[in-house]
Amino acid sequence: MRNFVRQKTILCGDNYREVDIYNYTVTQQEYAKKKKRSKKEKVSVLKQRNLNDKNARRYLVQICNLNFGEEDIHTTLTYNKKYLPETIEDAEREVTNFIRRVQYKRKKDGLPALKYILVTAYSEGKEVRIHHHIIMNGGLDRDAIEDLWRKRRKKGQKKGDKIGYINADRLQPDENGVAALSTYIAKHPSRKKRWSTSQNLEKPDSKNNDSRYSRRQIEKLAKERPGREYWEKQYPGWTLTDEVYGEQYEHNEITGWAIYLKLRRIRR
């Protein structure tokens with residue numbers, strides 16, 4: 001067996017990336033194969049259903065930053081009392097129908113295909129109502145999007161009944177892209193979340209370096225916690241997204257220390 005420290009860089013577009021530095025163990029044969037392979041690889045796609053898992057929440061932030069920006073839209077959808085779904089499956093059918101209407105409207109208006117991330121939040125055994133968050137590519141007028149959150153038109157109606165409240169807003173990326181919004185959508189300790197995406201989203205690339213750091217180095221870094229200035233020297237042109245969540249240190253009794261960095265491009 002061979003033990004070494006892996007630096008895994010997850011590339012999420014031009015302005016955001018994450019770096020994992022951790023101890024790694026493989027057989028000599030596996031190590032020889034991996035040494036030959038330094039090209040970019042696609043990050044493994046996680047199962048899109050349960051968003052209460054830490055890795056799923058992290059992946060959501062990565063694909064949000066890679067696929068969406070200031071020209072795109074965040075939509076929040078709720079239900080009024082009359083149309084409140086009895087089950088999470090009923091809610092997902094309803095929001096799927098809404099997405100189909102958005103797709104049809106885009107096609108009718110000659111716009112590119114819909115790209116989206118859908119998160120459905122709910123609580124079991126509590127009064128918190130089911131609601132949805134959708135981040136989608138721009139192009140459609142916000143009023144047009146909001147007008148689609150309706151039931152099918154009945155005989156004699158010009159438009160179907162409103163299903164509930166809906167609000168569509170332009171994304172407002174900050175220096176860290178849309179990480180703040182995607183983190184907000186993904187995190188809520190008292191609620192369960194399910195998620196899905198369109199198939200046409202770009203997936204993050206990753207690249208490994210198995211010779212940059214040693215075990216002794218990461219133990220020293222974990223003890224000293226060097227901060228922003230140190231990491232800017234290690235990764236020129238990049239800085240921590242913030243002082244609290246931009247660098248995290250975790251210890252495991254078996255594998256030892258690991259360091260997780262969230263970096264944004266420095267804009268001059």
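Does tyrosine 24 count as buried, exposed or partly exposed, and at what relative accessibility?

## Two tyrosines and a phenylalanine

This is a predicted model, so keep that in mind as you look around. Tyrosine 24 has 22% relative accessibility, so it counts as partly exposed; the cut-off for buried is under 20%. Tyrosine 22 falls on the other side of that line: its relative accessible area is 19%, so it is buried.

A pair of aromatic rings is described by the distance of the centres and the angle of the planes. For tyrosine 22 and tyrosine 24, the ring centres sit 6.0 Å apart and the planes meet at 75 degrees, so this pair is edge-to-face. Planes over 60 degrees apart get that label. Add Phe4 to Tyr22 and Tyr24, and you have one aromatic cluster.

## A stacked pair

There are seven aromatic pairs in the structure. One of them joins tryptophan 231 and tyrosine 235, with ring centres 6.3 Å apart. How do their planes lie? The angle is 20 degrees, so this pair is stacked, as planes under 30 degrees apart are.

Both partners are tucked away from the outside. Tryptophan 231 is buried, at just 1% relative accessible area, and tyrosine 235 is buried too, at 8%.

## Helix 6 and its two sides

Now look at helix 6, which covers residues 215-224. Its buried residues are Ile218, Leu221 and Ala222. Why do they line one face of the helix? Looking down the axis, you'd find them within an arc of 100 degrees, so they end up on one face. Turned away from that buried side is a face with the exposed residues Arg216 and Lys223.

What do the buried residues of helix 6 pack against? Their partners are strand 1 (2-11), strand 2 (16-26), helix 7 (228-234), strand 11 (247-252) and strand 12 (256-265). Right after helix 6 comes arginine 225, and its phi is positive, near 50 degrees.

## The second largest pocket

Finally, let's visit a pocket. The second largest one has a volume of about 480 Å³. It is lined by 16 residues, and the closest to its centre are Arg101, Leu148, Lys151, Arg152 and Arg153.

Which helix gives the most to this lining? That's helix 3 (residues 88-108), with six residues. Sorted by class, the lining of the second largest pocket has eleven charged residues, three nonpolar ones and two polar ones.

Definitions and conventions:
Residues are numbered from 1 along each chain as its sequence is written. This is a predicted model: local features need pLDDT of at least 70, side-chain atom pairs count only at pLDDT 80 or more; totals for chains, interfaces and linings use all residues. Side-chain values use heavy atoms; hydrogens and water are left out. Buried means under 20% relative accessible area, exposed over 50%, partly exposed in between (1.4 Å probe, protein chains only). Helices (H or I, at least four residues) and strands (E, at least two) are DSSP runs, numbered from the N terminus. The arc is that of the directions from the helix axis to the C-beta atoms. Contact means heavy atoms within 4.5 Å. On a 1 Å grid over the protein atoms alone, a cavity is a set of points where a 1.4 Å probe fits but cannot get out, and a pocket is an open set with protein on both sides within 12 Å along at least five of seven lines; lining residues have an atom within 4 Å of a point. Grid points are joined across faces, edges and corners, and a volume is the space filled by probe spheres set on the points. Ala, Val, Leu, Ile, Met, Phe, Trp, Tyr, Cys and Pro count as nonpolar, Asp, Glu, Lys and Arg as charged, and the others, Gly among them, as polar. Rings of Phe, Tyr and Trp (its six-membered ring) pair if their centres lie within 6.5 Å; planes under 30 degrees apart count as stacked, over 60 as edge-to-face and the rest as tilted.
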